[in-house]
Each structure stands twice: as C-alpha cells, then as structure tokens.
Amino acid sequence: MTSNRLRVALQKSGRLAIESQKLLKTCGIKFNINEQRLIVHSDNLPIDILRVRDDDIPGLVMDGVVDIGIVGENVLVEEQLERQIYNKPASYTKIRQLDFGYCRLSLAVPAEFDYQQPNSLSNLRIATTYPNLLKQFMQNKDIAYQDCILKGSVEVAPRAGLADAICDLVSTGATLEANGLKETEIIFKSKACIIQSPATQPDEKQLLIDTIMSRVNGVIQAKE
Ligand code: PRP
Ligand code: ZN
Ligand code: MG
C-alpha cells in the first residue's frame with residue numbers, strides 16, 4: 001500500500017490543529033479542509049493530508065503509514081516509551097522544532113492537599129493520560145504510586161473520588177483552576193515539532209520533504 005504521494009498527518013482538532021494547517025499553507029501547500037474528511041488532497045502538490053487524533057500521529061509515523069507528522073512532544077515521547085516496552089517500532093527523526101503548541105505536563109493536587117514535595121504523593125493514586133512519562137518521573141525519584149489511566153476528563157478524577165492527584169497537560173491553567181486543583185510539579189515541557197518516518201521512499205518524496213522543510217525554516221526565521 002505504498003503511495004507516491006507524500007502523506008502528512010495533522011491533528012484534526014485541538015491545540016495544534018489550526019497552527020499546523022496554517023504552517024503548511026504558508027509553505028505554499030494548497031488544500032481545503034472538509035470537516036467530514038479524513039484525507040485531504042493538496043491542489044498543487046503530490047501531498048495527502050491525514051487529519052487524525054494527535055495521540056495517533058507518533059504511531060502512524062513510527063509504523064511508516066505516513067511520512068511526516070506535526071505533533072506535540074508530549075504525545076510523541078509518551079508513545080515512544082510505550083512502544084519500547086512492547087518492542088514495537090519506535091524510531092522517528094525530529095526534522096524541525098516548531099514555535100507553537102507550548103504546554104507542560106504537570107502534577108496537580110486538590111487545592112487543600114498539603115503538598116510539600118513529590119514524596120507527598122507516595123502510595124497515592126494518580127490519574128493520567130501519560131502513564132509512561134509519569135512512571136519515568138516517579139521512578140527517578142523512587143516514589144511508589146498507583147495508576148488511574150484515563151483518556152479524558154483527567155481533571156475531574158480527584159473530585160469524583162477516582163484518584164488523589166493528577167498528571168495532565170497545563171497550558172493556561174484554566175482547567176486546573178476550574179476544577180479546584182493546584183499545579184505542584186512540572187514533569188515535562190512540550191512544544192510542537194515535525195517528525196519524519198524512517199520508512200520514507202522513494203527519493204522524490206524525500207526531495208519534496210526537503211523543499212517543504214526549507215520553506216518551513218524560512219517561515220520560522222522570518223518570524224524571529
Ligand atoms: C489538555 C488537558 C486539559 C487542558 C489544559 O487537553 O487535558 O484539558 O488541555 O489546558 P489549560 O491549562 O489551558 O486549561 P488537550 O485538549 O490539549 O488535549 P486532549 O484533547 O488530547 O486531552
Ligand atoms: Zn489528544
Ligand atoms: Mg483535555
């Protein structure tokens with residue numbers, strides 16, 4: 001199922017979606033997003049844009065299903081750690097660091113929780129969508145804890161009695177605030193980046209990637 005067209009994965013909706021589309025358009029790739037469609041064909045270049053969930057992008061690149069993807073480092077590193085456990089393909093090349101999608105993965109506890117240090121969470125249950133990044137942080141500090149793995153609504157877990165603390169993405173802090181939580185520890189800082197699959201072939205595709213990347217560099221340098 002190899003295609004001669006370059007496949008690019010973008011987040012369908014969310015933190016990175018608009019900026020990712022804008023970047024490709026600024027680089028001269030013409031396309032029209034149809035909300036109903038998973039795949040969008042570029043009007044002027046041999047490029048297909050796949051619109052998917054951000055969490056799916058690292059795996060699509062690592063498996064060689066798409067050639068490049070725009071993704072947050074948070075989901076990228078989480079997927080890499082997960083795949084290393086199961087000996088699944090986990091390699092990619094980060095071809096560009098981007099200047100949007102800033103956020104941090106943090107520990108947070110209810111406002112009234114007497115938090116002194118990470119050790120304050122010893123043997124407690126922590127709700128998260130990022131079990132592997134959390135495990136890495138807690139193992140480094142040699143702190144035992146229990147998991148509560150949720151794909152969404154992590155911020156309501158303490159109030160719902162599902163967990164004592166959370167480990168979730170924070171950008172403005174509004175979600176924590178609205179849920180009576182306080183941020184206590186930053187465990188990972190993230191921004192968007194462009195990654196490429198080790199499987200990209202043939203050379204014409206690589207040439208197209210190189211052309212796009214030199215345009216991306218131009219766009220970013222012009223802003224600096
Ligand atoms: C994250 C996180 C919070 C929110 C925090 O979700 O899970 O819900 O952003 O942002 P704030 O500090 O500005 O309130 P996001 O929508 O980025 O990712 P997801 O849809 O993959 O959970
Ligand atoms: Zn997501
Ligand atoms: Mg969310």
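Which residue in β8 is the bridge partner of A127? Keep that in mind while we walk through this predicted model.

**Stop 1: the two domains.** Colour residues 6-101 together with 191-223 as domain 1, then give 103-190 another colour as domain 2; that is how the domain assignment splits the protein chain. Put a marker at the centre of each, using C-alpha atoms, and you'll find 29 Å between them.

**Stop 2: where they touch.** Now show the contact between the two: domain 1 puts in 10 residues and domain 2 puts in nine. On the domain 1 side, go to helix α3, residues 73-85, which supplies the largest share with six residues. Colour that side of domain 1 by class and you get five charged residues, three polar and two nonpolar.

**Stop 3: strand β7.** Next, select residues 125-128, which are β7, plus residues 146-149, which are β8. These two strands run parallel and pair over four bridges. Click on A127 and look across into β8: the bridge partner is C148, which settles the opening question.

**Stop 4: over the helix.** Add residues 131-140, helix α4, to the selection. Follow the chain from β7 through α4 to β8 and you've traced a right-handed β-α-β unit.

**Stop 5: β7's other partner.** Bring in β9, residues 165-170. This strand also pairs with β7 in the parallel sense, over three bridges. Go back to A127 to finish: in β9, the residue standing opposite is I166. So with A127 selected, you can show C148 as its bridge partner in β8 and I166 opposite it in β9.

Note on methods: Residues are numbered from 1 along each chain as its sequence is written. Chains are lettered from A and ligands numbered from 1 in the order in which they are written. This is a predicted model: local features need pLDDT of at least 70, side-chain atom pairs count only at pLDDT 80 or more; totals for chains, interfaces and linings use all residues. Two strands pair if DSSP finds at least two bridges between them. A crossover is right-handed if, with the strands pointing away from the viewer, the path from the first strand over the helix to the second runs clockwise. Domain bounds come from an automatic or database domain assignment. Two residues are in contact if their C-beta atoms, placed from the backbone, lie within 7 Å. Ala, Val, Leu, Ile, Met, Phe, Trp, Tyr, Cys and Pro count as nonpolar, Asp, Glu, Lys and Arg as charged, and the others, Gly among them, as polar.
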